[in-house]
Structure formats: C-alpha cells, structure tokens
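Hi everyone, thanks for making time for this. I'd like to walk you through a structure that may be new to you, so please have a look at it first.

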Amino acid sequence: MLVEKADRLDLTDENCRSLLLEQCRLKQGEVWHDPEGRHVVGCGDATDSLFVKSLFEDTRATLAVHDPPYNLVAFAMKSVDEYINWCKKWVENTSGILAEHASMYVWLGADQKKHFQPLPQFMLMMAETDYVSRSFITMRNQRGYGTQKNWMAVRQELLCYTWGNPEFEVQYTDIPKILRGYYKEVQGRRSENLERSRSETIRPGNVWVDIQQVFYRMHENVAGCYAQKPLKAIARIILASTTSGDTVTDFFAHSGTTLIACEQNNRKCVTLDIDPIFAELTIRRLEHYRETGKVGWQSEQPFKHNMTTSIAGI
Ligand SMILES: C[S@@+](CC[C@H](N)C(=O)[O-])C[C@H]1O[C@@H](n2cnc3c(N)ncnc32)[C@H](O)[C@@H]1O
C-alpha cells in the first residue's frame, strides 16, 4: 500500500511523507555542498536571512530565478496582504546576496477568480524597492483549464527586474522567420528584412510560445513535483542574463530545475527549499544527471529503489 502511494510520490499523504523523509540527507537548516565544488543546496526558509546568507559565504549571484508558491494552493489560508509581506522578506533576502549588477526573475500566478491576485499586489510591492522593472513575460502552456465557459487559461507570468547594469544576451527560438516584405534602404540599396536579420529564427520576445510544459512522458519529468518549470525556460533566462561561470540562485528549488540548467550551462547554483523532500530531490536530480546524462526520471520515481529497500526492511 505504502509502496503504491510512494510510486506516485503522494506528498500530501503523511505516511508516504514520513517514509520519504527517512531517505532525505538534509534536515531543516542543513546544507549540501557539491563534491565537485560547483553548487550548494540548502534546506531552509527563504525568508530566514541568516540561513540564506550562510549559503553564499563570499559569493554573490548575478541572477535570481524564483518560483514561489502562488498563494493559490500552498497559501490558500493566507490573505493577499500576508502573502505580499512574506514575498517582501525573500525579495529583501535576495537583495542581500545579489551582485552589484544583477537580474531577478519571478514566476507568479494570477488567480482569475480573485481579481488576479497576487500579481498586481506583488508588482506594486516591487515598485517600492530599488529594483528596476524590465519585462513582463508570458509563457504559453499547451494545456489549460476552463475551456468551456471562459477563455482557456494557458499563461504563466514571469516578471523580470534588474539593478545596476547586468548582462543581457539576445536569445533566439527555433521558430523560422517566415514574414517577408519589410523593406528598408541600407547604403543606397533596397533590402528585405530577412536579408538584414542576424538570425534565421525569431526572438522569443516577451511572449514565449515555443516551450513545452513538463508532463510525465518527458525525460525531464520529476514524479511528485507538482510545479516543475521547463528546463528550456530556465536555460533561456540563464543564457540571457548571465555569463559562463556566474552564480545563479533559486530560493524555491522544488525539482531542482535551476540547478540542472546551471550544471548544463556552466553556471554555479545556490538553491534551497524549505521541504527536505524537495531539497533531496534537487540533489538526487543532479547526481542522476551526472551519472546517466538524464535530466529527470520521466514517469519513474526517484525514491523507488530506496523505498523498496526500506519497505523490505520493515
Ligand atoms: C512552485 S515550486 C518551485 C518549482 C521549481 N521552479 C521547479 O521547476 O521545480 C515552490 C517550492 O517552494 C518551496 N517553498 C515554499 N515555501 C518556502 C520557503 N519559505 N522557503 C523555501 N522554499 C519554500 C516549496 O516546498 C516548493 O518546492
């Protein structure tokens, strides 16, 4: 029975959770240092400034990519004001560990049944900080909800802020340019837009339509992670806003997507999650990638082997 539940990594089930917690190497307040010296994974609270600072030592991040719980599920019992006060704390903690020139991206939901909270409140809170607003990106999901009586909800919002004058490297999608006919005179010769362009493919702009949402058949899927972001999206952010060897941070690791994107793109990652199970999954995902070259487990689950052993030992 427990094995069956564990197979689905049903983290709302207390029995399943306590069995998995036995397999986690970090308890709250503890830190894992990558034996290869590149990354750090902490198990702790993003609003705890001392804990966050302790993960960085002398390092400063040039990029933060945060994907907090959205006040829809995890914070259902909290008012939007309480939620925003909570956000303020981890935003301040981010300010404490960012380099002089840095970017911060925040994924945030908007509840269409509750006046799109907490997105507008978050934006207003950020307007009171030293961050400069740079872009409001929308990523399109392939599957949505509410198709019969409303517009299908397929968007994910991503806010981009900076301070100082951080790097920005233009990115391109794999989508070919197909529109022709924008003519311009260049050095006395009439030229057409495709001839003038730097790439055969289009730029993502601030509406990303070319990224597949993670589902159980994809290699990068991590079973049990209900809110996994696609690696391609995180890699795009990292490649645009950092250079090789930079440190990137993510205070809400979950499945460890930011860590894997850093490993693949020669960046260092300092990441944390309040839940020992997600901190463990983040570490396991990196180890699995290094051992096998695989970025996730598809529909297999990462604890399976240990779970079976543990059950057998009962
Ligand atoms: C939306 S998920 C992040 C998904 C992640 N971007 C990915 O691709 O897997 C949010 C995560 O934040 C963690 N979390 C919630 N409150 C936290 C806190 N106060 N400090 C650190 N992590 C927290 C949750 O345990 C959850 O794993």
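Let's start with one small detail: lysine 184 has serine 191 in β8 as its bridge partner. Please keep in mind that we are looking at a predicted model.

That bridge belongs to a strand pair. Strand β7 covers residues 183-186 and strand β8 covers residues 189-192, and the two run antiparallel, joined over 4 bridges. What do β7 and β8 form together? They make a hairpin, with 2 residues between the strands. In the turn sits glutamine 187, whose phi is positive, at about 45 degrees.

Now let's step back to the whole protein. In total, there are 10 helices and 11 strands. The radius of gyration is 21 Å, close to the 20 Å that the globule rule gives for 314 residues, so the protein is as compact as a globular protein of that length. If you follow the C-alpha trace along its principal axes, it spans about 80 × 50 × 40 Å.

How much of the protein is buried? Buried residues account for 37% of the 314. As for contacts with a separation of 6 or more, 69% of them link residues that are 24 or more positions apart.

Finally, the ligand. Which residues are closest to it? Those are Asp67, Phe252, His254, Ser255 and Thr257, out of 19 residues that surround the ligand. By character, the shell divides into 9 nonpolar, 5 polar and 5 charged residues.

That's my tour, and I'm happy to go back to any part of it.

Terms used:
Residues numbered from 1 in each chain as written. Predicted model: local features only at pLDDT ≥ 70, side-chain atom pairs only at ≥ 80, totals over all residues. Near = placed C-beta within 6 Å. Nonpolar A, V, L, I, M, F, W, Y, C, P; charged D, E, K, R; others polar. Rg over C-alpha atoms; globule rule 2.2 N^0.38 Å. Buried ≥ 20, exposed ≤ 12 C-beta atoms within 10 Å, placed from the backbone. Contact = placed C-beta atoms within 7 Å. Pairing = 2+ DSSP bridges.
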